[in-house]
Amino acid sequence: MSTPSEPEHDRSEPGLSVIVGERRQLINLAYRLLGSLAEAEDAVQETYARWYAMSRQRQEAIESPGAWLTTVASRICLDVLGSARVRRERYVGEWIPEPLPDRAEWSGGRAGGGRAEPADPADRVTLDESVNMAFLVVLESMTPAERVAFILHDIFRYPFAEVAEIVGRTPAACRQLASSARRRIRAAQVPAVPKAGQAGLVRHFKEAWEARDIEALVDLLDPDATMIADGGGLVGTVLRPVEGSERIAQYLIHIAGKAPGLTLLERTVNGRPGLVAQHADVTVTVAAFSLTGGRITRIWAVRNPEKLRPWTENGQS
């Protein structure tokens, strides 16, 4: 996708390298604000479009182009979040944030095949705890203003005075919004499990699923575990959460029987160990996990092909 930040612009333009250099930061911010790489990419493209729509004189009058871009991108995301709530009420089935691959697994080594690195926005998102799936799901429960205030202040360390200018509220109100967001996160008890421990559990889960060992699957799942699938009405999947270890295990065995030839791969999903399911070398599902006390408590299975673009455009193993 061509964007206003790409090289067709006059490279002699004052501060152009600074403007283009902000793109990674903007993509990182917008993805966390929106939970969708496609929407984040659109928001950043619109931000650059507004910059280049200004006259050179107006651009040069802006003391901090980076701050201007961040403010505009955040306001665009705030508007998108407001309209997204309405759209998601009409969404077919459950809505899960768009999963992201680890850049090293897809743009080099096994997946790169010696080609030049793809210019996919997924390459520009820093994978840390603020993008793990459990965290993003909690963000979805926040109001747009809470989400923007919290991410700008707590994740990107913007002072409340600057957050207030972006959100259009007082610094005191933004402080309260961020505090409310933190309470939501604490209430959800998002666990910080070591990656090594999660990787081992996900591997055992994969092996039990491949062996169609229902007892092993039940043992790996918390008795109150929940599995949520997102097909967006574009592919077949369960439309409501599947609850309880036995029901989840039975459903997974049922799926394995209906999809012979399915290949499961261990992959990093939003910075944490996860699984990718491929059929005929095409990625059909990306699964993220949350666990507590050595058992899986949540499974988020994204099947909506529109959300699997970063997993299919960068090549397969």
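A residue counts as buried here when its relative accessible area is under 20%, as exposed when that value is over 50%, and as partly exposed in between. Keep that cut-off to hand for the whole tour. One more thing before you start clicking: the model in your viewer is predicted.

**Stop 1: the whole chain**

Show everything as a cartoon. The chain holds 15 helices and six strands. Of its 317 residues, 51% count as buried. Take the contacts between residues with a separation of 6 or more: 67% of them join residues 24 or more positions apart.

Now colour by confidence. The average pLDDT of the chain is 86, and 86% of the residues reach at least 70. Select residues 1–12, where pLDDT stays under 50 and the model has 21 contacts beyond four places in sequence. Then go to residues 107–118, another stretch with pLDDT below 50, which has 19 contacts beyond near neighbours in sequence. Where pLDDT is low, the predicted coordinates should not be read in detail. You can hide both stretches for the rest of the visit.

**Stop 2: helix H10**

Select residues 160–167, which make up helix H10, and show the side chains. Which residues of H10 are buried? They are Phe 160, Val 163, Ala 164, Ile 166 and Val 167. Look down the axis: these residues span an arc of only 165 degrees, so they sit on the same side of H10. A rule of helix geometry helps with the picture: an α-helix has 3.6 residues a turn, so residues three or four places apart point the same way.

What do the buried residues of H10 pack against? Add H5, helix H9 (144–155) and helix H11 (171–188) to your selection, and you have their packing partners.

Next, pick Ala 161, also in helix H10. With a relative accessible area of 47%, Ala 161 is partly exposed. Measure from its C-alpha atom to that of Ala 172: the two residues are 11 apart along the chain, and the distance is 8.8 Å.

Both sides of the helix in sequence deserve a click. After H10 comes Gly 168, with a positive phi near 80 degrees. Before it, in the loop between H9 and H10, is Arg 157. Phi of Arg 157 is also positive, near 60 degrees, in a residue other than glycine. Is Arg 157 buried or exposed? At 64% relative accessibility, it counts as exposed.

**Stop 3: a second positive phi**

Move to Asn 270, in the loop between strand S3 (262–269) and strand S4 (272–279). Its phi is near 50 degrees, again a positive value in a residue other than glycine. Asn 270 is buried, with a relative accessible area of 1%, whereas Arg 157 is exposed.

**Stop 4: strand S5**

Select residues 282–292 for strand S5 and centre on Ala 288. Ala 288 is buried, at a relative accessible area of 4%. Which residues does Ala 288 touch, leaving out those up to four places away in sequence? Show Met 133, Val 269, Arg 298, Ile 299 and Trp 300. Ile 299 is 11 residues from Ala 288 in sequence, and the C-alpha atoms of the two are 5.8 Å apart.

**Stop 5: the aromatic rings**

Switch to sticks for Phe, Tyr and Trp. How many aromatic pairs are there? The count comes to four. Zoom in on Trp 51 and Trp 68, an edge-to-face pair with 5.4 Å between centres and 65 degrees between planes. Trp 51 belongs to helix H3 (residues 37–53) and Trp 68 to helix H5 (residues 65–89), so the pair ties together parts that are 17 residues apart in sequence. The two differ in accessibility: Trp 51 is buried at 3%, while Trp 68 is partly exposed at 22%.

Then select Phe 205, Trp 209 and Phe 289, which ring pairs link into a cluster. For a charge over a ring, show Trp 95 and Lys 307: the lysine lies over the face of the tryptophan, 3.9 Å from the ring centre.

**Last stop: the cysteines**

How many disulfides does a search of the whole structure find? The search finds zero. Among the cysteines, click on Cys 77, which is buried with a relative accessible area of 0%. Cys 174 likewise counts as buried, at 0% relative accessibility.

How values were computed:
Residues are numbered from 1 along each chain as its sequence is written. Side-chain values use heavy atoms; hydrogens and water are left out. pLDDT is the predictor's confidence in each residue, from 0 to 100. Contact means heavy atoms within 4.5 Å. Rings of Phe, Tyr and Trp (its six-membered ring) pair if their centres lie within 6.5 Å; planes under 30 degrees apart count as stacked, over 60 as edge-to-face and the rest as tilted. Helices (H or I, at least four residues) and strands (E, at least two) are DSSP runs, numbered from the N terminus. Buried means under 20% relative accessible area, exposed over 50%, partly exposed in between (1.4 Å probe, protein chains only). A charge sits over a ring if NZ of Lys or CZ of Arg is within 6 Å of the ring centre and within 35 degrees of the ring normal. A disulfide is a pair of cysteine sulfur atoms within 2.5 Å. The arc is that of the directions from the helix axis to the C-beta atoms.
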